Amino acid sequence: MVSMRESALILRLFVIIAVLFSPIGNEIYAAAQLSGIINTTNSTLSGLTNTTDGLLSGITNTTNSTLSGLTNTTNSTVSSLSNSTDTLLFNNGTLITTVNGIVMKFQMDPSEPLQTTTSTVAYVLPQDVKTGDPKSAVTLEDPQAISGTVSSAPYRFTIPNFNSGTGSNNLLLVGVSANNANVASVTFGSAQLTKAVSSFQNNDAEFWYLVNPTGTNNIVVTLSGPASAVVGAYVFSGVNQASPIAGTAANYNPAGTPSSPTVSITTKYSNDMVIDLPSIFGGQLLGSPTCAQQWNANVPSEITGASSTTTVSSPGTVTCGWTANNGGDQWDDVAIEVRASGTTTATDPSAPTSLVAAGGDAQISLSWSAPSSDGGSAITGYNIYRGTASGGETKYSSVSSSQTAYNDTSVTNGIKYYYEVTAVNAVGESARSGEASATPQTDATAPPAPTGLTANPGNETVSLSWTAPSSNGGSAITGYDIYRGTASGGETKYASVPASQTSYADTSATNGIKYYYEVTAVNSVGTSPASNEVGATPATSPQPPTGLAATASSSSQINLSWTAPSSNGGSAITGYKVGRSTDGTNWSTIAPNTGSASTSYSDAGLAATTTYYYRVSAINSVGTSQPSSVVNVKTQGPTYSINQTKSGLVASDSLKNETESQNQLLSNGGYWRYMGDAQQEGAPYSVSRDSQGLHMGVAAPSDGKWAGFFAVSPNHNAQVWNAVISTPVRTTPSNYYDNGIYVQTSDGNINYVTCGSLTNSQATIWVVISTVGNTQQVTQFNKLWVDNSPNQPLTRDCTIITNGNNYLKVYLDGTLVYQNSSMSLQMPMPFNAYLEEETSYGGQMLTDTFQNYYVTTSEYVTLNDLPSGTRSVAIDDSSGAVLATSPDDSGTSTLDVGQYPYPISGTLKVYDSNSQMATRSGTIYGGDAYSVN
């Protein structure tokens, strides 16, 4: 008896601990008072005010120039400083502006004295504002960061009681670094935040913002699914409220190329702030930021999010980067530019566009479009350049910003003039516009007719093109009129296009109708004669044919028929294209164009017993339709029959085809003999048959003492033995119980192979065992295969295939569990089979059940006398699934069916290289032999 080995499942519980990082605070400006103003010669400083808890505001210089718009809000830095004359500078802690040559300095460090001269006004700010950054008009207040993991809906992270800040022109910014899921929404109290930028190539990195938040509320970040995340929140003051996010950037590191996070952004404005947010996976730690670090939080082995900021003194490229502690991993990084509320530096405007020059009698009329950008400063006027050679223009005149047209009356008829225009703002002058030219002349007339009109038909469209008249008649062409009709000479005005257009697409045409067209040119005097007349019929390729059918009329011919397309596309069907394939994938054209509207075709000269696939396309004057649906048919050919020459069935008993009591079976068991040592030991036993199978029960005479009962078959020279075995219990209260099918030599020695189950107080397992012994006992016990998995089925199908010498295969529920062809089984034929149970448990009688017993001569089905050209033989089950295949081997094919329960209800099929040659359906057993005739 085989002892059982316990098996156990070990559940390892992993707990992810969220690590919370305290946010890193930014110092804010302290309150300041305005004092210590020194004003010297050549300048008067007046109208100076200061607000509560602020620094400076409302500085005005009234004498020579104005220093204005210097404002400061509660607990923030100097902001919104503009100077109408020169440029505002910060230099080593000193705020400097120049007004008509007067240098005005506001110094942040009172420990350093300032020189006051006839050209300098100096003012020293109090000591308590020294902690501020005079270079930045955007101020960052205390950020906060949290991190952790959410695994159930609604997948939320909350920063409670977040204060929206004490400054003015505020912006709330929330950054999220996550794995597995992106951000669904972010709220501050009841206010919804707007997403500024995101990147989710490897790990999610996102920025969300809210303009002008107020009060103290919870920040709630909702993800789209379970994830680990790091969430950071910032408040900025001094932010442009109309367009707070001036620009965004994103970067990521693809799989397989780990590196440290870095992102570059090109800023648009001065005094702005850049914030970056990397998101890196795998428990990496980030350090050494190139921009100032604000927070850095990590969820071990899950996600790391970090933040850094830098102030931009002037527009340009800003790069923020980090170093990953273990060489890096896959990451995403995003950055944004937070725009300051102050004014921006203006530039020259862009060039005017669409300059047009039209000649008249002693005059040329110009028109243009304003530039697409004023450079940040309003357009103040336009400069007009003129010359008599292309590229030789010089400045000729100027007009106000409200004018985008000019009439040049100082020109001479017959001379060609060239023009360019520039735009001017307070900063400077734009590049020049495109060049335009015109020739003034007297006695203008209507232009001559356009020439070269052509019409190209398409699908519900006709495309027209023409050439402009050789002369504009002395007045610029202002447009073209298009005339259309459905009869030659019957055109009426249909459309007009501008002078710059010498083509037109008539998209309201109907396929199949012929249209006629003419075109005229128009100037300020009148309309030209009509151009040449053209005609065109719009059309498209036809719809595919329908109803394709194929019929094999002989072994070498297939006849096709179909229905004409539902639409010819506006052009008559002129023929059909016929395609043929032998596999439904690779096609050849057997008729490029039948040249007829006939809907039938015969394909001759084909191979016998071959399947051909067909499709048909319709052809008109425009093109060829898509193919029809595909049909296939096999040509006729010779037929063969499959006849059984030998049955492989040796014995078969379903074990559930009759009802017999114990007395009936013991007195006349028929095929079986029923016995066991339970009878000699006086142990309880039972045996019966009914529609559920053969039932045998046994109990040990006492716990620990073995007793058994079995049904033994006659001797057979066979190789395949099968039975379905059902075990009554999964465990026994004590001791053991086993049952199975045994295939044993009949020479008297206890040499056998068994497939069955073993049950004890812990589990039921299934085993394959072989033994070698003598007539009295087993001397060698071989455990060939054991399934120790938990909760195994209590009913299984065992098939034993052996020659008794060196070859053994065992299938369990159709799966091969053991195979060996070099054994020493020492089991000479003939064999007999035992359906047997044994137990050492005496607490109760345990009854098993056996079904579907059969014995066959082989595991193979053989087909002989295969016809010439046979490629393969197959056995399909009743649903058409292929159970076994085998090639032709010199007229014989052998198919392995040992894994399937017999009898097999299936079909034998013989194939050549193209088609099926012969079939036979019915009941199939291993060992069957057939001949093909």
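A pocket is, on a 1 Å grid over the protein atoms alone, an open set of points where a 1.4 Å probe fits, with protein on both sides within 12 Å along at least five of seven lines, and its lining residues have an atom within 4 Å of a point; a volume is the space filled by probe spheres set on the points, which are joined across faces, edges and corners. The model is predicted, so local features need pLDDT of at least 70 and side-chain atom pairs pLDDT 80 or more, whereas totals for chains, interfaces and linings use all residues. Residues are numbered from 1 along each chain as its sequence is written, and side-chain values use heavy atoms, without hydrogens and water.

**Exercise 1.** Describe the second largest pocket and its lining.

Solution. Begin with the volume, which is about 590 Å³ for the second largest pocket. Next, take the 26 lining residues, of which Asp-738, Tyr-742, Tyr-752, Glu-836 and Glu-838 are the closest to the centre. Then turn to the strands (DSSP runs of E, at least two residues, numbered from the N terminus): β57 gives the most to this lining, with five residues. Finally, sort the lining by kind, which yields 15 nonpolar, seven polar and four charged residues, where Ala, Val, Leu, Ile, Met, Phe, Trp, Tyr, Cys and Pro count as nonpolar, Asp, Glu, Lys and Arg as charged, and the others, Gly among them, as polar.

**Exercise 2.** Find the strands that pair with β37.

Solution. Two strands pair if DSSP finds at least two bridges between them. With β40 (residues 515-522), β37 pairs in the antiparallel sense over seven bridges, and Tyr-480 stands opposite Ala-521 there. With β38 (residues 492-498), β37 is joined by six bridges, again antiparallel, and Gly-479 faces Pro-498. As for burial (under 20% relative accessible area, 1.4 Å probe, protein chains only), six of the seven residues of β37 (479-485) are buried.

**Exercise 3.** Classify the ring pair of Trp-672 and Tyr-853.

Solution. Rings of Phe, Tyr and Trp (its six-membered ring) pair if their centres lie within 6.5 Å, and planes under 30 degrees apart count as stacked, over 60 as edge-to-face and the rest as tilted. The search of the whole structure finds 16 aromatic pairs. In this one the centres are 4.6 Å apart and the planes stand at 65 degrees, so the pair is edge-to-face. Along the chain, the two residues are 181 residues apart, with Tyr-853 in strand β64 (residues 846-856). Both Trp-672 and Tyr-853 are buried.

Key: Buried < 20%, exposed > 50% of the residue type's maximum accessible area, 1.4 Å probe, protein only. Helix = DSSP H or I, 4+ residues; strand = E, 2+ residues; numbered from the N terminus.
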